[in-house]
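Here's a quick briefing to read with the model open beside you. It goes through pockets, strands, charged pairs and aromatic rings in turn.

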Amino acid sequence: MSDKHKQVAYYPGCALEGTGHAYNRSTKEVGKALGLDLVELKNWNCCGAMEVKNIDPKLQTYLSARNLSIADAMGFDTVMAPCNGCYHNLKKAEYDLAKDPPSREVTDRLSRKAGHATYEAGKVTTIHALDWIKESVGEQGLKARVKNSLKGLKVANYYGCMYTRPRHIFPEKDKGPGSESTSKPHFMDDLLAAAGAENVEYPLKTACCGGAHTLSDSDTSTKLVLNLLTTAEACGADVIATECPTCHTGLEMHQVRAEKVFGRKTSVKILYFTQLLGMALGLSARRVGVQENFSDSTGLLRARGLG
């Protein structure tokens, strides 16, 4: 095991304390099972999400930078954000503060006005939950800890569109063998394969779920999700594994809406990748929050000897 990410600052973000609570729970439980330590940021704030970014991008940069400054003040050089939206925004803040002087000026001014230290670019690196597990434990370390293999479970790994876009804010990716890829991400595939799952060839790994438009244009979001669901089923998947609370909630809710509004029923189940890893590590389905999911996967998991 590498000690690089054995203990990191933890930024759950707003969603993981709300609709994504099962992701929060399962992430923490998997960390404990793997001997990894998460130290939650003190007095963290919203990263600016989509709402602030669409109105004032520089204000959103400041909001994310404040969380990075908290991590720095707590003595951490790495902060882990499981939500794709939070991860994206914190990475964008890292980039903007290093490359965009107007963003730097706004963040400095607002930090002084708020009475806290200004974040200095480059002092903290944001990582995703996938990086955290992949780089601290790795596939071999994970295999050695598997107590209840996912063997027989066919999984479509869904990364969402914000995990790899835009490419320039993720300089650690596309570095060749061993690094994550922005065009063909594989970290979730690697980890779930190590846990025994059979990953299906899923061509929509980075397609958008329409999460940002779910309230303003529900029909479009439902159609985008329905495409993800029917393609996963056509690929033979039992489960779509997710890594983002917004994507996860969108897939579950629009699966129901697709049946009600468009009369198109799909049966593929939706689970966070941390829930699958947790059960492979011997944790119960309840302990990783499967009962909190809207998609009822109880029958499938029991049939596979999981949970």
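The largest pocket in this predicted model holds about 850 Å³ of space. The second largest pocket has a volume of about 400 Å³. Beyond the pockets, there are 16 salt bridges and 6 aromatic pairs to look at.

**The largest pocket**

- In total, 34 residues line the largest pocket, and Met50, Glu51, Gly211, Ala212 and Thr246 are the ones nearest its centre.
- Four helices each put at least two residues into that lining: α1 (13-16), α3 (49-55), α5 (84-99) and α11 (245-262).
- Helix α11 gives the most, with 5 residues.
- Sorted by class, the lining of the largest pocket comes out as 18 nonpolar, 15 polar and 1 charged residues.

**The second largest pocket**

- Here 24 residues make up the lining, with Lys91, Thr125, Thr126, Pro171 and Glu172 nearest the centre.
- At least two lining residues each come from α5, β4 (125-127) and α7 (129-136).
- Helix α5 has the largest share of this lining, with 4 residues.
- The class split for the second largest pocket is 7 nonpolar, 8 polar and 9 charged.
- Two of the residues nearest the centre of this pocket, Lys91 and Glu172, also belong to a salt-bridge network together with Glu94.

**Strands and sheets**

- Strand β1 (residues 7-10) runs parallel to β2 (residues 37-40), and 4 bridges join them.
- Within that pairing, Val8 sits opposite Leu38 of β2.
- Strand β1 also runs parallel to β3 (residues 78-80), this time through 2 bridges.
- For that pairing, look at Tyr10, whose bridge partner in β3 is Met80.
- Elsewhere, 4 strands form an open sheet in the order β6-β5-β7-β8, with parallel pairing.
- Strands β6 (198-199) and β8 (269-272) are at the edges of this sheet with a single partner strand each, so one side of each has no neighbour in the sheet.
- Strand β5 (residues 154-157) is joined to β6 by 2 bridges, and the two run parallel.
- Lys154 is the residue that stands opposite Glu198 in β6.

**Salt bridges**

- A bit of background: side chains of opposite charge can pair when their charged atoms come close.
- Asp108 and Arg104 form a salt bridge, with their closest N and O atoms 2.8 Å apart.
- The two residues are 4 apart in helix α6 (residues 101-114), which means about one helical turn separates Asp108 from Arg104.
- Arg104 counts as buried, at 19% relative accessible area.
- Lys134 and Glu139 make another salt bridge through their side chains, at 2.9 Å from N to O.
- In that pair, Lys134 is buried at 13% relative accessible area, while Glu139 is partly exposed at 25%.
- Arg304 and Asp238 also form a salt bridge, and their closest N and O atoms are 3.1 Å apart.
- Arg304 is in the segment after α13 (298-303) and Asp238 is in the loop between α10 (218-234) and β7 (239-242), so this pair ties together parts that are 66 residues apart in sequence.
- Arg304 is partly exposed at 29% relative accessibility, whereas Asp238 is buried with a relative accessible area of 18%.

**Aromatic rings**

- What is the arrangement of the rings of Tyr23 and Tyr272? They are stacked, at 4.5 Å centre to centre with 0 degrees between the planes.
- Tyr23 belongs to helix α2 (residues 21-34) and Tyr272 to strand β8, so the pair ties together parts that are 249 residues apart in sequence.
- Both ends of this pair are tucked away: Tyr23 is buried at 0% relative accessibility, and Tyr272 is buried at 1% relative accessible area.
- Tyr23 also pairs with Phe273, and this pair is edge-to-face because the planes are at 70 degrees, with the ring centres 6.5 Å apart.
- That contact links distant parts of the chain, since Tyr23 is in helix α2 and Phe273 is in helix α12 (residues 273-280), 250 residues apart.
- Tyr23 and Phe273 are both buried.
- Another spot to find on screen is the aromatic cluster formed by Tyr87, Tyr159, Tyr163 and Phe170.

Conventions:
Residues numbered from 1 in each chain as written. Predicted model: local features only at pLDDT ≥ 70, side-chain atom pairs only at ≥ 80, totals over all residues. Heavy atoms only, no water. Pairing = 2+ DSSP bridges. 1 Å grid on protein atoms, 1.4 Å probe; cavity = no way out; pocket = protein on both sides within 12 Å on 5 of 7 lines; lining within 4 Å. Points joined across faces, edges and corners; volume = space filled by probe spheres on them. Nonpolar A, V, L, I, M, F, W, Y, C, P; charged D, E, K, R; others polar. Salt bridge = Lys/Arg side-chain N within 4 Å of Asp/Glu carboxyl O. Buried < 20%, exposed > 50% of the residue type's maximum accessible area, 1.4 Å probe, protein only. Phe/Tyr/Trp six-rings, centres within 6.5 Å; stacked < 30°, edge-to-face > 60°.
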